[in-house]
Amino acid sequence: MLDEEEDQMANGSLKPLLNVLHGNRQDPVPIWMMRQAGRHLPEYMELRGRANGFLDFCYTPSLATEATLQPIERYDMDGAILFADILLVLDALGQCVRFEKGVGPIVEKVEKGGRLNKVPVQQAVERLSPVYETVSRVSSRLADNKTLIGFAGAPWTVALYAIEGRGGTDKSQARIWAHQHPAELALLLDDLVEVTAHYMAAQAEAGVNALMMFDSWAEGLPNDIFEQIIIEPNKKLVKRLRELKVTVPVIGFPRGAGVMLPDFADQTGVNAVGLDTAALPSFINRELPVSMPVQGHLDPLLLMAGGDVMERRVIELLDAYRDRPHIFNLGHGVLPTTPIPHVEKVVELVRAWSAD
Ligand code: 1CP
């Protein structure tokens, strides 16, 4: 921990969200939402219209800074997540990435048995310098009590886009690869560990307060494969970050890990874990150390539905995690047609609730 943070902790003024990531219970429970910046906000749509496509948006610090700050300004969230995308790393590595309207990302495929090392790590990390510029601009404009979260995709989730060429597939090509050629796949994942570690370290250097590794496609894997392609690369990434002298807390989010989540939490060295929509509080509270911070869980579709059923569930989740460090969030990202008043209602409920 930095000296400055230690001082802040001593006088109780540390950023609430960051304080939870350091393992301390905080009331009111801090809140942010995955994909809090994005298509459900009219001000985001306006901003996006000014860019020449989505990649250009991510690589333009003036626009990415505004997009990062919009949810803070509108909802007063406790955390801002850097506006970027997990696929920027593939773009920087020289794999062609396109975002097609109505289709989503399309990525140039890597050959079976191939590597992701067309561009040397240092050069790839330099290509991502507009992202660090965004971090430093946001960091200088963010109020002292707000936490800036940097992120990258975890190796498997990023590799999946390069192997399958797009998201939303059944992942069979990549999974067969994992079964048939585990050593080759491990080399490709190692390529991503190295570049991602340097990329995240540069974000930390530029001023993020915490880092999150998104393993969005970790669901439905056999336990041995989960260990090989989820736990092992996330563990290497955390280790590499610490070797690069990154001291900020790291959040792991192996979405859909199910019963493998405790092993993930225990073995990777993460400081906190993200919970997906299918998490079970009794299981989480029994199987994760009581000091381990958790964030997430609310179903994005319930946020879209709103009403009494949403309000009851928000309280249920606050109650369920009352005995551990807890950050309120969703089990996955805010969906584009989510009504703004529903998000406002959740923030209001979380702020009004008390563990006493
Ligand atoms: O404007 C648009 O229509 C583009 C939509 C969009 C946005 C707002 C994409 C394309 N990326 C983003 C920003 C983004 N992506 C952020 C920062 C904003 C925030 O969270 O508030 C983050 C953290 C991500 C991370 C990301 N991108 C993930 C991991 C989290 C998750 O949602 O699982 C993944 C899987 C991606 C890939 C991606 N980028 C964009 C889309 C539509 C997708 C998913 C497509 C798919 O494969 O199904």
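Colleague: What makes tyrosine 44 and the ligand a polar contact?

Modeller: The distance does. This is a predicted model. In it, an N or O atom in the side chain of tyrosine 44 is 2.4 Å from an oxygen atom of the ligand. The cut-off is 3.5 Å, so this pair counts as a polar contact.

Colleague: How do you know that arginine 39 and arginine 48 make polar contacts with the ligand?

Modeller: Use the cut-off again. For arginine 39, a side-chain N or O atom is 3.3 Å from a ligand oxygen. For arginine 48, a polar side-chain atom lies 2.8 Å from an oxygen atom of the ligand. Both values are within 3.5 Å, so both count.

Colleague: Which residues come nearest to the ligand?

Modeller: There are 22 residues around the ligand. Tyr44, Asp85, Tyr161, Ser216 and His332 come nearest.

Colleague: Now the rings. How many aromatic pairs are there?

Modeller: The count is nine.

Colleague: Why is the pair of phenylalanine 151 and phenylalanine 214 called edge-to-face?

Modeller: The ring centres are 5.5 Å apart, and the planes stand at 90°. Centres must lie within 6.5 Å, and an angle over 60 degrees counts as edge-to-face. Both tests are met, so the name fits.

Colleague: Where in the chain do phenylalanine 151 and phenylalanine 214 sit?

Modeller: Phenylalanine 151 is in strand S4, residues 147-153. Phenylalanine 214 is in strand S5, residues 210-215. They are 63 residues apart, and the pair links distant parts of the chain. Both are buried.

Colleague: What makes phenylalanine 214 and phenylalanine 253 an edge-to-face pair?

Modeller: Their centres are 6.2 Å apart, with 80° between the planes. The limits are within 6.5 Å and over 60 degrees, so this pair is edge-to-face. Phenylalanine 253 belongs to strand S6, residues 250-254, and is 39 residues from phenylalanine 214 in strand S5. Both phenylalanine 214 and phenylalanine 253 are buried.

Colleague: Which residues do ring pairs link into a cluster?

Modeller: Tyr44, Phe54, Phe57, Phe83 and Phe99.

Colleague: Which residues lie nearest the centre of the largest pocket?

Modeller: Arg35, Arg39, Phe54, Asp85 and Phe99 do, out of 43 lining residues. The pocket holds about 1400 Å³ of space. Helix H3 (42-48) and helix H9 (155-164) each supply at least two lining residues, as do strand S2 (97-100) and strand S3 (104-107).

Colleague: How many residues of each class does the lining of the largest pocket have?

Modeller: The lining has 24 nonpolar, 11 polar and eight charged residues.

Conventions
Residues are numbered from 1 along each chain as its sequence is written. This is a predicted model: local features need pLDDT of at least 70, side-chain atom pairs count only at pLDDT 80 or more; totals for chains, interfaces and linings use all residues. Side-chain values use heavy atoms; hydrogens and water are left out. Rings of Phe, Tyr and Trp (its six-membered ring) pair if their centres lie within 6.5 Å; planes under 30 degrees apart count as stacked, over 60 as edge-to-face and the rest as tilted. Helices (H or I, at least four residues) and strands (E, at least two) are DSSP runs, numbered from the N terminus. Buried means under 20% relative accessible area, exposed over 50%, partly exposed in between (1.4 Å probe, protein chains only). On a 1 Å grid over the protein atoms alone, a cavity is a set of points where a 1.4 Å probe fits but cannot get out, and a pocket is an open set with protein on both sides within 12 Å along at least five of seven lines; lining residues have an atom within 4 Å of a point. Grid points are joined across faces, edges and corners, and a volume is the space filled by probe spheres set on the points. Ala, Val, Leu, Ile, Met, Phe, Trp, Tyr, Cys and Pro count as nonpolar, Asp, Glu, Lys and Arg as charged, and the others, Gly among them, as polar. A residue is near a molecule or strand if one of its heavy atoms lies within 4 Å of it. A polar contact is a pair of N or O atoms within 3.5 Å; within protein, one must be able to donate a hydrogen and the other to accept it, and residues adjacent in sequence count only if both atoms are side-chain atoms.
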